[in-house]
Amino acid sequence: MAAIEKLPLVSDGVKARTQVAGGDVVRTAIIGLALVLFFLPLVASAAFGFTLPGQGISFEPLRDALAGTDIATQLMNTAKLAVLSTIGSLVLLVPTLLFLHLKAPNLLRFTEWLSVIPYVVPAIALVAGANLFFRQAAPGFMVSLYSLVPFYMVLTLPLVYRSLDAGIRSIDLRTLWAASESLGAKPWQTLWQVVLPNLRGSLLGASLLSCAMVLGEYAVAALLLHSTFPVFMVQVGMNQPRAAAALSFITILVTWLLLALLSRDSAPKTTSKGGPR
Amino acid sequence: MNRDSAEVALHGITKSYGGKRVLDNLDLTLAPGELLALLGPSGCGKTTTLRVLAGLETPDTGTVSIGGVDMTSAPVRGRGIGLVFQSYSLFPHMSAAENVAYGLRIAGSSKSVRTRRATELLEMVGLSEHAAKFPGQLSGGQQQRVALARALAIEPRVLLLDEPLSALDAQVRVHLREEIKRIQVQAGTTTLLVTHDQEEALTIADRVGVMLGGQIEQLGTPEQIYSAPHTAFISEFVGAVNRIPATATTGGVSVLGKLLKISNPDSAPAAASGLEALIRPEDLRLTRQGDGLGIVESMMLRGPLTSVMVALQGRCLRVDLPSHEAAEFSPAMRVALSPRRDAALIDSSSTTPRDSLPAAPAHLLSHLGPIA
Amino acid sequence: MTLNSTLQRVSWRGLRQRGLPGWVGALPLLMFLALFLILPIAANVVTSFWVNGAFSFSAMAQLLEPQYLDAFIQTFNLSLLTAAVGGVLGLLLAWALATGRKPAWLQNLVLSFSAVASQMGGVALAFAFIATLGVQGFATQAILGLTGWDLSQDIQLASFSGLALVYLYFQIPLMAILMLPAFGALKKQWQEAANSLGASRLRYLLDIALPIMWPSIAGSLLLLFANSFGAYATAYALAGGRVNLVPILIGFFISGDVMNDESFAAALVTGMVVVVVAAMGLRSLAERKANRWLR
Ligand SMILES: Nc1ncnc2c1ncn2[C@@H]1O[C@H](COP(=O)(O)OP(=O)(O)O)[C@@H](O)[C@H]1O
Ligand SMILES: [Mg+2]
């Protein structure tokens, strides 16, 4: 029994640590290098965007570029699109997934397969097809800014679907539903008071992902001639690179913030295709 | 099968992780061809000992020698060891036969030799018909057999098994441990088996080393460990034991009115009061006696043995009797207790005497009910 | 009348008992995707084989004209190059992230940044690179000041190699994120068992680690390839018409900047979809294989 109480010798720890250091130096170096390279464009766009040669820190490039434009409108457009696409996705997918998990789990393989199709089709191909199809099928449809919403929903579908599906799988919906019903709850009560609160994490995760993607989407909006924030950025960038750099910096930061919130809420890992390019 | 089974010796091994001393000046010697089990509670350093021996960890101080050669800083692959882990150690992209043959492939054996040897080994572990299957298609027990065959394929000088049965169902575990013993005897390989299951260690090992706090507390045959434990910890770890109040007398202690010698004079507490004798359930004699101090509380059938639970001076003691002898007792009966042996292990009294008894298996109770 | 009402009652009972049939639940999603994804793509494919009111391969055949064939080759090469280089570097980064011990803050920072870089919009990325490596760029000016070398002369962002460099910025982190689970699934015991059986580190890598990870690696590389093949925003914002890439060409056709040949524009898209779908089809084959081992 006496052996348990033996005090550890502090000096021994040092050796143990240096032993494994060989491989770890290489790993730390790789990660450090990656960090520097990742950050360089970010730092550069801040430095480039918020300075003027010989003047130091300055908001002038950005102010000049924004003066006389209706950036507010474009920002609002993007914000509206982000909110509407997110709501649209949730309204479409949450009931669908809940229904399928409860009543027809054998169909989930099929819908999962469906949800991956947008993965395969590049945004630019989707725009081309949409342009062709809706110009003939419903000529007025593409005029409205809001016509972008369904396409954004399509583009974000793989990520949003996965996030929600993983969330539902993690709560064992059937048991939860049965337990709630056995206590006398009506279906809508179960939905509002039991299921949705338990899905909060994955709902939030799906929303953040969706917003982050809409924030950066360019191809669809530009080619369907709608004016969103990324489209505005490209216009600015044509002749005011400093202002564009400043806007890029802000965009990247906001994206980071959204995704950082996402990982904080420990939503399921996203293995995704890249964002809209 | 003929291979040079080696003597294995660890001397003065110390190993710390981040200031925490896990192995503390540990000495251990395995005789050629013996199966030695390292037994101890989780976290006591068993795996670390095995890994130091395998070369997967480098000790801070001390030496490792295999077959008389100093191997302290030899790489894992130069040591001639076979390793079996708790689970997940088969290469998932190779069939059972390919797994078994992998070590020979590394060694550069010809394909025909590899195939023959793999077939032979899979036959030995009883998996001939599963040779072409992938690990994912095998049960846990089958996977461990393949792992054993793979480790033996290279004719190792030492076989190291780290809790090879812990992840398996109880039935498979019992069956496979006997098989491991058979194969080990047949192969004659010096073997170190790490386990936290005392039954496993006692049933198949030639010698058992009980570990605690990075040291070997006692090394001996299973019989010695079970019947003559050096310390209270070992006594309690390797089987059920009753803690019974004892009072010091000249030349020994008095337990239940009988004078006993102290079997652990070196580690026994010096105090005269607050002592307890550690006595195994089968080492207590039970007699019907109208004015006895004990009252039978309940009875539990354990196959050939029956445990009679006796309330005595506010404690619950367990007495194991052959089941046919137990038939004469029934709950609420007054009984007298006395030690069968002449010596006992003495420890200072623990605060929770009941804890030393393993809890009765609830499922057994509910199936059988108390025997009356 | 009676028969009718009985029938009605029976069918009502059936509905009540079984509830709605399961496929009804998938219907909204199915219809949504049909309208906004499948029909548009189908319309496009049909159009590319429908020239002047008749079925014809002439639009597709036009893809073989030097200018367009060159666009496909350039896009293919760009995707191949960035997938290969990004794949190798991303693999290295994933290895560094997934194994060994290192400062946790560094690990988390790089992980979260990888998520951002692989997810970030292409426009912001393009301007960030102009701010870094453009003529007036931060790095360009710094290096010019230090060494007198004007790197913007040698690394033109609006060129094939410049684009490749920028694409790597999202390809590397994407590869790293895709490969992390595969590294996590590599069991430590496999290496230890291999070592005990006599394998060196190299043999372990060649015999065990690579064969096990190969399907995941191949699948991720194909995804990187497809990702780059369809990328539009980055290329357009950086280079506009100065590079001959399929997505840029398609963009010009859609926005009506070049001659208005609907069938040919559709053919371009069909060509691209065929390449990307082929890559992703191969990927799902690889993924199926990977799932067999990594569990
Ligand atoms: N690589 C390691 N790093 C830090 N601590 C470790 C490491 N390996 C083991 N330990 C610690 O050493 C002690 C003994 O571990 P181990 O030998 O695995 O015990 P056992 O196999 O007897 O359960 C434990 O407390 C464990 O936490
Ligand atoms: Mg262990």
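**View 1. Strand E14 of chain B is mostly covered in this predicted model.** Strand E14 spans residues 275-279 of chain B, and 5 of its 5 residues are buried. Both faces of the strand are covered. On one side lie B:Leu275, B:Ala277 and B:Ile279, and on the other lie B:Glu276 and B:Leu278, all of them buried. Strand E11 of chain B, residues 242-249, runs antiparallel to E14(B) and is joined to it by 5 bridges. Within this pairing, B:Asn242 has B:Ile279 of E14(B) as its bridge partner. Strand E20 of chain B, residues 343-348, is likewise antiparallel to E14(B), with 4 bridges between them. Here B:Leu275 is matched with B:Ser348 of E20(B) as bridge partner.

**View 2. Five strands of chain B form an open antiparallel sheet.** The order of the 5 strands across the sheet is E15-E19-E16-E17-E18. Strand E15 (284-288) and strand E18 (315-322) of chain B are the edge strands, each pairing on one side only. On average, neighbouring strands of this sheet are turned by 40 degrees against each other, direction ignored. Strand E17 of chain B, residues 305-312, pairs with E18(B) in the antiparallel sense over 8 bridges. At one position of this pairing, B:Leu312 stands opposite B:Arg315 in E18(B).

**View 3. An annotated domain of chain B and the residue B:Gln198 are shown.** An unreviewed UniProt entry lists residues 8-238 of chain B as "domain: ABC transporter". This span is 37% helix and 26% strand, and its end C-alpha atoms lie 25 Å apart. B:Gln198 belongs to helix H6 of chain B, residues 198-204. Its relative accessible area is 26%, and B:Gln198 is therefore partly exposed. B:Gln198 and B:Pro222 are 24 residues apart along the chain, and their C-alpha atoms are separated by 9.6 Å.

**View 4. Helix H5 of chain A is shown with annotated transmembrane regions of that chain.** Helix H5(A) comprises the 13 residues 108-120; at 1.5 Å a residue these should span 18 Å, and the end C-alpha atoms are 19 Å apart, which agrees. The buried residues of H5(A) are A:Leu108, A:Thr111, A:Leu114, A:Ser115, A:Ile117, A:Pro118, A:Tyr119 and A:Val120. In an unreviewed UniProt entry, the annotation "transmembrane region" covers several stretches of chain A, including residues 113-134 and 140-161. Residues 113-134 of chain A are 91% helix and 0% strand, with end C-alpha atoms 25 Å apart. For residues 140-161 of chain A the helix content is 64% and the strand content 0%, and the end C-alpha atoms are 30 Å apart.

**View 5. Helix H5 of chain C spans residues 104-119.** At 1.5 Å a residue, its 16 residues should span 22 Å; the end C-alpha atoms of H5(C) are 23 Å apart, which agrees. Buried residues of H5(C) include C:Leu106, C:Gln107, C:Val110, C:Phe113 and C:Ser114. Also buried in this helix are C:Val116, C:Ala117, C:Ser118 and C:Gln119.

**View 6. Helices H10 and H11 of chain C cross.** Helix H10(C) covers residues 188-196 and helix H11(C) covers residues 201-229. Their axes come within 10 Å and cross at roughly 140 degrees. This angle makes H10(C) oblique to H11(C), because only angles over 145 degrees count as roughly antiparallel. The crossing of H10(C) and H11(C) is right-handed.

Methods
Residues are numbered from 1 along each chain as its sequence is written. Chains are lettered from A and ligands numbered from 1 in the order in which they are written. This is a predicted model: local features need pLDDT of at least 70, side-chain atom pairs count only at pLDDT 80 or more; totals for chains, interfaces and linings use all residues. Side-chain values use heavy atoms; hydrogens and water are left out. UniProt positions are given in the numbering used here, feature names are shortened, and annotations may be inferred rather than shown by experiment. Helices (H or I, at least four residues) and strands (E, at least two) are DSSP runs, numbered from the N terminus. Two strands pair if DSSP finds at least two bridges between them. Axes are lines fitted to C-alpha atoms, for helices over the stretch in contact, and angles run from 0 to 180 degrees between N-to-C directions. The expected span of a helix is 1.5 Å times one less than its number of residues. Buried means under 20% relative accessible area, exposed over 50%, partly exposed in between (1.4 Å probe, protein chains only). Angles under 35 degrees count as roughly parallel, over 145 as roughly antiparallel, 65 to 115 as roughly perpendicular and the rest as oblique. A crossing is left-handed if the near helix is turned anticlockwise from the far one by less than a right angle, and right-handed if clockwise.
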